[in-house]
Amino acid sequence: MEAMRRPSVKVGSLIPKEISDPAEATLEFVTAFHSRYGSLHPDFFIGPLQEAIKVAFTGDVNDRRLLALCVHHDKAITANIFCSQILCSYSMVTYMNKHCITWPWDVTHDVHRAQLLTAINRFLSHEAAAALRFADVDTFPTLVILTQTGLSQSALEVATVIPGTTAADQALGLVMQCIDEHAENKRKLLQEQDLLDNRRRLIKEQEEAFQASLAADRKRWEKEEAEKEKARVEEAQRISQQEQAEAEAQATADQNERLRADIEASLPDEPDGSTAGVYMIGFRVPSGGKLMRRFLPTDSVELLLSFVASKGYAYTDHSVMTTYPRNNLSELADQSVTLQAAGLKAREMLVVEEKFDSDDEEDED
C-alpha cells in the first residue's frame with residue numbers, strides 16, 4: 001500500500017472547473033503539469049481535439065503520427081506515480097515526442113469528462129469514447145492511443161488503452177508496439193496513397209484529354225460556324241450586289257427606253273418610196289438582223305443616227321460604220337451634214353457595231 005501512495009505534490013484538477021474553452025483548458029493543463037512534474041514530459045498539444053486530430057492524421061503520409069489522448073484524473077490513486085514515473089520517464093517522452101501527438105485533458109470534474117466524451121464521439125469513435133466512459137477512477141491517468149487505418153481522417157482505430165495501473169516497462173512496450181503497428185499502417189497508407197494518386201492522375205489525364213477534345217471540337221465548330229457565317233455574308237453581299245446591279249441595269253434600261261421613245265417620237269415621217277432621189281439605207285445590227293429605212297439625201301447624219309438609236313442601239317454604246325471605205329459616222333465632227341455630203345449612196349448598207357472599252361479591247365488583243 002505504501003507503493004500506491006501519491007508523492008507529496010499539490011492536489012487539484014489540472015484544468016480549473018470554470019474553464020471550458022479547449023485551447024485555454026489545455027494551456028492550463030500544460031502549465032499545471034509542468035509546475036507539478038517538471039520540464040521532462042511529452043510535448044502536449046495545446047488546442048481543441050479536432051485540431052490535434054488534423055495535425056496527426058492529415059498532410060503527407062510520411063509525417064503522420066499516432067494520436068495519444070492523455071486523460072488525467074487527480075483523484076486517481078495512481079495519478080502521481082503514473083505521471084512522474086511512467087509518463088515523464090526519458091524513454092517514454094522520447095518515443096512519444098517523436099511518434100505521437102499528445103493531447104492532454106483532465107476529467108477530475110464531471111463537466112470536463114462530459115465535454116471530453118462529447119468531443120470524442122464527435123471527432124473520433126464510439127470505441128474511443130467507450131474506453132473512457134466506463135473507466136473506473138483508479139484506471140486514470142489513461143493513455144488512449146489512436147492510429148490511422150485509411151487515408152480518410154475518419155479511418156481511425158484505438159490502437160491501445162494504457163490505464164494508470166500499468167507497469168512502466170509494460171506501458172513503454174505497448175507504446176513501442178503501437179509505433180511499430182503505425183509504421184506498418186503508414187506503409188499500407190503509402191500504397192493506398194500511390195493507388196489514389198495514380199487514379200487521380202489517370203482521372204486528370206482523362207479529364208485533360210476530354211477537355212482537349214472538347215476544345216478541338218469547339219474550335220472546329222467555331223471554324224465551321226465562321227465559314228458558314230462568311231458564306232452567308234458573301235451570299236448576302238452577292239445577292240445584294242446582284243439586286244443592285246439588276247436595279248441599275250433596269251434603271252439604265254428604263255432610261256434608255258425613255259430616251260429611245262423620245263428619239264423615236266422626234267423622228268420625221270419616213271419619206272415615201274416614190275419620192276424622187278430617196279435613199280434606201282440598210283443597217284446590219286449586232287444581233288445579225290437588218291434594219292431598212294428611206295431617207296432624203298438632204299437628211300442629216302444626225303437623223304440617221306437617231307433612227308438607229310430609236311431601234312434600241314444607243315449612241316453611247318454603238319457606232320454606225322460605212323463598209324468601204326470604213327468610216328465611223330458616229331464620230332463625225334459635224335453630224336448636221338447631209339447624207340449626200342457625207343458620201344452616202346442611194347443604196348447603202350451600214351454596220352451597227354457595239355462599242356468596247358479600251359480595257360476590253362486590250363484583253364481581246
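In which helix is M92 found? In this predicted model, M92 turns up in helix α4. Its relative accessibility comes out at just 1%, and since anything under 20% is taken as buried, M92 counts as buried. Leaving aside residues up to four places away in sequence, M92 touches I86, L87, A171, L172 and V175. There is also a long-range link to mention: M92 and D169 are 77 residues apart along the chain, yet 9.7 Å is what separates their C-alpha atoms.

Two of those M92 contacts, I86 and L87, lead on to helix α3, where both are among the buried residues. Helix α3 covers residues 79-87, and seven of its nine residues are buried, so the rest of the structure largely encloses this helix. Besides I86 and L87, the buried set takes in A79, N80, I81, F82 and C83. What do the buried residues of α3 pack against? Their partners include the helices α1 (22-37), α4 (90-99) and α7 (168-266), together with the strands β1 (66-72), β3 (142-148) and β4 (156-162).

Next comes the sheet. Four strands build an open sheet with mixed pairing, and their order is β2-β1-β3-β4. That leaves β2 and β4 at the edges, each pairing on one side only. On average, neighbouring strands are turned by 20 degrees against each other, direction ignored. Strands β1 and β2 run parallel and are joined by seven bridges; in one of the pairings, V71 has W105 of β2 as its bridge partner. Helix α1 packs on the sheet, where it touches β1 and β2, and its direction makes about 90 degrees with that of β2. Helix α7, for its part, lies across β1, β3 and β4 and runs at about 15 degrees to β3.

W105 shows up again in a pocket, the second largest one, as part of its lining. This pocket has a volume of about 160 Å³. Which element gives the most to its lining? That is α5, with six residues. Helices α2 (49-57) and α5 (110-123) and strand β2 (100-106) each supply at least two lining residues. Among the residues lining the pocket are P22, P48, L49, Q50 and W103, as well as Q115, L116, T118, A119, R122 and F123. By type, the lining divides into eight nonpolar residues, three polar and one charged.

How values were computed
Residues numbered from 1 in each chain as written. Predicted model: local features only at pLDDT ≥ 70, side-chain atom pairs only at ≥ 80, totals over all residues. Heavy atoms only, no water. Buried < 20%, exposed > 50% of the residue type's maximum accessible area, 1.4 Å probe, protein only. Contact = heavy atoms within 4.5 Å. 1 Å grid on protein atoms, 1.4 Å probe; cavity = no way out; pocket = protein on both sides within 12 Å on 5 of 7 lines; lining within 4 Å. Points joined across faces, edges and corners; volume = space filled by probe spheres on them. Nonpolar A, V, L, I, M, F, W, Y, C, P; charged D, E, K, R; others polar. Pairing = 2+ DSSP bridges. Axes fitted to C-alpha atoms, helices over the stretch in contact; angles between N-to-C directions.
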